[in-house]
Amino acid sequence: MQEQTSAIHQNEMLENKKKERMAHKAGTYFIKNIHYYILLILPLAYFLIFRYGPIAGNILAFRKFVPGGSIYGSKWIGFTYFRLFLQDPNFWTAFRNTWVLSLMHLAVTFTVTLAFALLVNEIRSSKLRNVVQTVTYFPNFVSIVVVVGLMKELLSPTNGMINGLLAWAGIQPIFFMNEPGWFRTLYISSDVWQYTGWNSIIFIAAMASIDTQLYEAAEMDGAGRWKQIVHVTLPQIMPTLSVVFILSAGQLLNVGFEKILLMYTPSNSQVSDVIETFVFRMGLENNNYSYATAVGLFSGLIGLGMVLLSNVLAKKVTGHSLY
């Protein structure tokens with residue numbers, strides 16, 4: 001009996017010593033890398049305050065907000081606001097515009113970005129590649145306000161360069177910024193110019209990690225540059241493509257609010273009014289915060305569903321997924 005008690009006591013002592021060593025090791029690691037944890041404070045604060053904090057405000061979708069009362073509403077009204085916006089034809093117009101613009105934007109920008117990354121990867125001169133990347137990265141740092149201002153100046157029907165060329169060719173001036181038929185083209189093309197270089201970074205980085213022996217083996221088998229891209233490059237970066245596609249699909253209903261608001265005019269409102277501008281108009285302009293919150297929550301749930309659906313589709317088609 002005493003031997004059993006002594007053995008149990010020894011095991012407890014060993015466990016305590018093991019825990020002490022682990023705690024000391026963790027403390028030493030933390031002190032050694034404390035500067036990294038300090039750098040994490042601001043990003044963590046940003047996500048807690050501006051990303052997770054506003055989630056609590058979604059309760060307004062189920063409560064009636066009264067100015068001067070609680071910021072979380074005065075009384076429960078259930079799904080009243082959901083029924084209201086689902087019966088609102090203006091919401092369905094904005095919903096349709098959002099889907100059309102988002103799908104067109106995803107198809108064009110994803111394809112162009114991948115094609116650009118493949119072209120840059122084929123540049124053999126490192127100096128030329130650096131120049132191309134630097135030039136194409138620069139527009140990403142230009143303010144959206146400046147980009148829209150440039151568009152308005154270039155496309156002005158009175159003194160814009162584009163309409164000047166059209167007039168020289170004998171074509172009547174076109175009010176590009178007011179024409180509904182030109183809105184989506186201008187929005188997507190300006191995004192292609194501004195973000196293609198920057199968005200291609202992740203693809204170029206994935207291509208840089210491909211084993212060069214695969215290209216050498218393909219070349220020995222008689223594969224040209226095009227076949228090497230199809231049978232080596234694309235399969236090797238497929239996991240990266242899948243992740244980017246899934247994340248992009250989750251943002252389908254979150255189009256560029258700032259640019260759309262700057263490009264928005266009464267003349268093109270039939271195609272430029274999207275869910276985010278609809279929420280802005282209902283919430284901030286009409287002071288109907290609960291209604292706007294319900295629309296925003298509905299949009300967020302659809303975005304979550306798109307992430308889950310695109311993850312399943314990507315796993316079935318490519319064999320790779322986010323989780």
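Here are some short exercises on this protein, each with a worked solution.

The model is predicted, so local features need pLDDT of at least 70 and side-chain atom pairs count only at pLDDT 80 or more, while totals for chains, interfaces and linings use all residues. Residues are numbered from 1 along each chain as its sequence is written, and side-chain values use heavy atoms, with hydrogens and water left out.

**Exercise 1. The overall build**

Task: find how many helices and strands the protein has, and work out how its radius of gyration fits the globule rule.

Solution:
- Begin with the elements: there are 16 helices and 2 strands. Helices (H or I, at least four residues) and strands (E, at least two) are DSSP runs, numbered from the N terminus.
- Next, take the radius of gyration, which is 28 Å, well over the 20 Å that the globule rule gives for 323 residues, so the protein is more spread out than a compact globule. The radius is taken over C-alpha atoms, and the rule is 2.2 Å times the number of residues to the power 0.38.
- Then look at the box: along the principal axes, the C-alpha atoms fill roughly 105 × 75 × 40 Å.
- Finally, buried residues make up 32% of the 323 residues. Buried means under 20% relative accessible area, exposed over 50%, and partly exposed in between (1.4 Å probe, protein chains only).

**Exercise 2. Helix H12**

Task: check the length of H12 (residues 238-250), then find what its buried residues pack against.

Solution:
- The 13 residues of H12 should span 18 Å at 1.5 Å a residue, and the end C-alpha atoms are 18 Å apart, which agrees. The expected span is 1.5 Å times one less than the number of residues.
- List the buried residues: Leu241, Ser242, Val244, Ile246, Ala249 and Gly250.
- These buried residues pack against helix H4 (89-121), helix H9 (201-208) and helix H16 (289-318).

**Exercise 3. Ser102 and Thr136**

Task: place Ser102 and Thr136 in their helices, and find which residues they touch.

Solution:
- Ser102 lies in H4. At 4% relative accessibility, Ser102 counts as buried.
- Leaving aside neighbours within four places in sequence, Ser102 is in contact (heavy atoms within 4.5 Å) with Leu252, Leu253 and Val255.
- Thr136 belongs to helix H5 (residues 126-137). Not counting residues up to four places away, Thr136 touches Phe116, Gly197 and Trp198.
- Now compare sequence with space: Thr136 and Trp193 are 57 residues apart in sequence, and their C-alpha atoms are 8.1 Å apart.

**Exercise 4. H16 and its surroundings**

Task: follow the chain into H16 and out again, and find which residues have positive phi.

Solution:
- Start at Asn287, in the loop between helix H15 (275-285) and H16. The phi of Asn287 is near 60 degrees, a positive value in a residue other than glycine. With a relative accessible area of 48%, Asn287 is partly exposed.
- Move along H16, whose 30 residues reach 42 Å from first C-alpha to last, close to the 44 Å expected at 1.5 Å a residue.
- After H16 comes Gly319, whose phi is also positive, near 85 degrees.
- One more pair: the C-alpha atoms of Pro235 and Thr318 are separated by 9.1 Å, although these residues are 83 apart along the chain. Pro235 sits in helix H11 (residues 225-236) and is partly exposed at 40% relative accessible area.
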